[in-house]
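Take a moment with the sequence and the model below. We will walk through a few of its parts, step by step.

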Amino acid sequence: MRENARVTSSDRGDYQELVDEISELLGAPATLENRNFELIAFGAYDSEGDLDPSALDPVRTRSILTRRSTSAVRHWFEGFGITRATGPVRIPRTPEAGVYRGRICLPVRHRGVVLGYVWLLDYDPGPTEQQLAAAMLVTGRIGALLADEAQHGADLTRELRAVLTAEPGWPRDMAVAELRTALGVRADGPHTVVCVAPWPSADPDDAPSVRTLPGARALCAIPWGTTQQSLVLLVGLRSTDTLTPAVSAATRLLERAAAPGPPGGAGRTAAGSARGGAGAGAGQAARPEGGAGGTGARSGGAAQDAAAGRDGGPGRSTGGGSHGGVAAGIAAARTGLAGLGTAWAEASAAARAALAEPRLGPVAQWAAIGPYRLLTSLPPEAAHDPALHALLSPAHRELARTAEVYLDCAGQAGRTAAELGIHRQTLYYRLSRVEQLTGLDLDDGEDRLLLHMALKAARL
């Protein structure tokens, strides 16, 4: 078996034990983040005296809850030279940025390369030089573990991508065999696939670390359409009865995808960034960046349509149920890797459904997308039935929306009129216009089925 199989036996418990060891050595709670300021583990130090309440500053609390820091926070801390340091670095307190206590940063290095940071709250009189030296020895062990796991993760990324992009048959079987070897005993356990699309960046450095996602085995980027990317995650499960780890991972990825970019974006401040997501040892000076906001309003039926998740109308996805036009899909749970190609198709289809139908998102499970399980398997031309060509034109968008709501309400005129906020006579007039444009009879079951399917397919 390859060397990587040895690495897979390590998990976050190793990091937790090492962080707890540092916490005991220094007499203060420590946290471990990777070099992208994503939280890996945090220690709880048990002492007889209570810690200063200011230890729970907004920066530390937010970091532990969200498990990552903003780009602004990262750049601010790197300004103290932590990427070049080979020993402890003290960071001053910055109350205006929500950092009420100073920090001590212990860079985690392996063979001269910084791979992460251990942070602890500074205190009076603070750790001795001997204590810090002992803690730095532990960071060396953490660095070796991070280096091993980084190499392992890179290999799994390539192998997962190979499985998902290989042609069915023996090419995919060979790729699955390679991935199975890399995963070792975990390959035979329960798992699922998560697809987040469209992922906002094709840069691998913009993807989160596998270590920061619950149950993650591997992740990779796969083309989404002709110009965009999707992020695909293989998630290990405790059983096929629950997808909780996959839902947690999908939610975290959506938060990452929707996170604001580097400093300078509208409506943000540096201090706000620090309070919103700095690492447990992170903060930044307050520096206003400006911004503007605006409000909008709807009235009548449009507001009700928005509440019902139909604001975009057939054939036009608004991403109302997604994080800034990004959604996640989760495949059905399965055991073993033989069905990985099918799982990827299910996760991708669920993400498409969540983007097309906001009420399904932002995280949609394959088992819960109903008719979209069939519709997503249809070829694109299926959405262009000749009977609906005129109805789906921009000039008749309101009629198409009316027809879809009517069919969603099982043909009940009273429910449809109430949901659209129109009079029944107006509804009847619109439905007659739909029949004229399509040549379909809304009293005929097969015609209604064709119309309903075509309207839903148009969203995709």
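At what angle do H12 and helix H15 (residues 445-459) pack, and how far apart are their axes? The angle is about 120°, and the axes lie 10 Å apart. Keep in mind that this is a predicted model. H12 passes H15 in a left-handed crossing.

Now look at the residues that meet there. On the H12 side they are Ala-400, Ala-403, Glu-404, Tyr-406, Leu-407 and Asp-408. On the H15 side they are Arg-448, Leu-451, His-452, Leu-455, Lys-456 and Arg-459. The numbering has a reason behind it. An α-helix makes a turn every 3.6 residues, so residues three or four places apart point the same way. Try tracing Ala-400, Ala-403 and Leu-407 along H12; they are among the residues that meet H15.

Stay with H12 itself. Helix H12 covers residues 397-408, which makes 12 residues. What span should H12 have at 1.5 Å a residue? The expected value is 16 Å, because the span is 1.5 Å times one less than the number of residues. The end C-alpha atoms of H12 are 16 Å apart, which agrees.

Is H12 mostly covered or mostly open? H12 is mostly covered, with nine of its 12 residues buried. The buried residues form a run: Leu-399, Ala-400, Arg-401, Thr-402, Ala-403, Glu-404, Val-405, Tyr-406 and Leu-407. Charged names such as Arg-401 and Glu-404 are among them. Just after H12, Ala-410 takes a positive phi of about 60°.

Next, move on to helix H13 (residues 413-420), where Thr-416 is found. Thr-416 has a relative accessibility of 0%, so Thr-416 counts as buried; the cut-off is under 20%. Which residues does Thr-416 touch, leaving aside those up to four places away in sequence? They are Thr-402, Val-405, Tyr-406, Cys-409 and Leu-427. Of these, Thr-402, Val-405 and Tyr-406 are buried residues of H12. Cys-409 is buried too, with a relative accessible area of 1%.

That brings us to cysteines. Cys-105 is buried, with a relative accessible area of 0%. How many disulfides does the structure hold? It holds zero.

Now turn to the rings. The structure holds six aromatic pairs. One of them joins Phe-37 and Phe-77: their ring centres are 6.4 Å apart and their planes lie at 35°, so the pair is tilted. The pair links distant parts of the chain. Phe-37 sits in the loop between strand S1 (30-34) and strand S2 (39-42), while Phe-77 sits in helix H4 (residues 71-78), 40 residues apart. Phe-37 is buried at 0% relative accessibility, and Phe-77 is buried at 1%.

Phe-37 has another partner, Trp-119. This pair is also tilted, with 6.2 Å centre to centre and 55° between the planes. Trp-119 lies in strand S5 (residues 113-121), so the pair ties together parts that are 82 residues apart in sequence. Trp-119 counts as buried, at 0% relative accessibility. Ring pairs link Phe-37, Phe-77, Phe-80, Tyr-117 and Trp-119 into a cluster.

Finally, step back to the whole protein. Its secondary structure comes to 15 helices and 11 strands. Of its 460 residues, 48% count as buried. Among contacts between residues at least 6 apart in sequence, 69% join residues at least 24 apart.

Methods: Residues are numbered from 1 along each chain as its sequence is written. This is a predicted model: local features need pLDDT of at least 70, side-chain atom pairs count only at pLDDT 80 or more; totals for chains, interfaces and linings use all residues. Side-chain values use heavy atoms; hydrogens and water are left out. A disulfide is a pair of cysteine sulfur atoms within 2.5 Å. Buried means under 20% relative accessible area, exposed over 50%, partly exposed in between (1.4 Å probe, protein chains only). Helices (H or I, at least four residues) and strands (E, at least two) are DSSP runs, numbered from the N terminus. Rings of Phe, Tyr and Trp (its six-membered ring) pair if their centres lie within 6.5 Å; planes under 30 degrees apart count as stacked, over 60 as edge-to-face and the rest as tilted. Axes are lines fitted to C-alpha atoms, for helices over the stretch in contact, and angles run from 0 to 180 degrees between N-to-C directions. A crossing is left-handed if the near helix is turned anticlockwise from the far one by less than a right angle, and right-handed if clockwise. Contact means heavy atoms within 4.5 Å.
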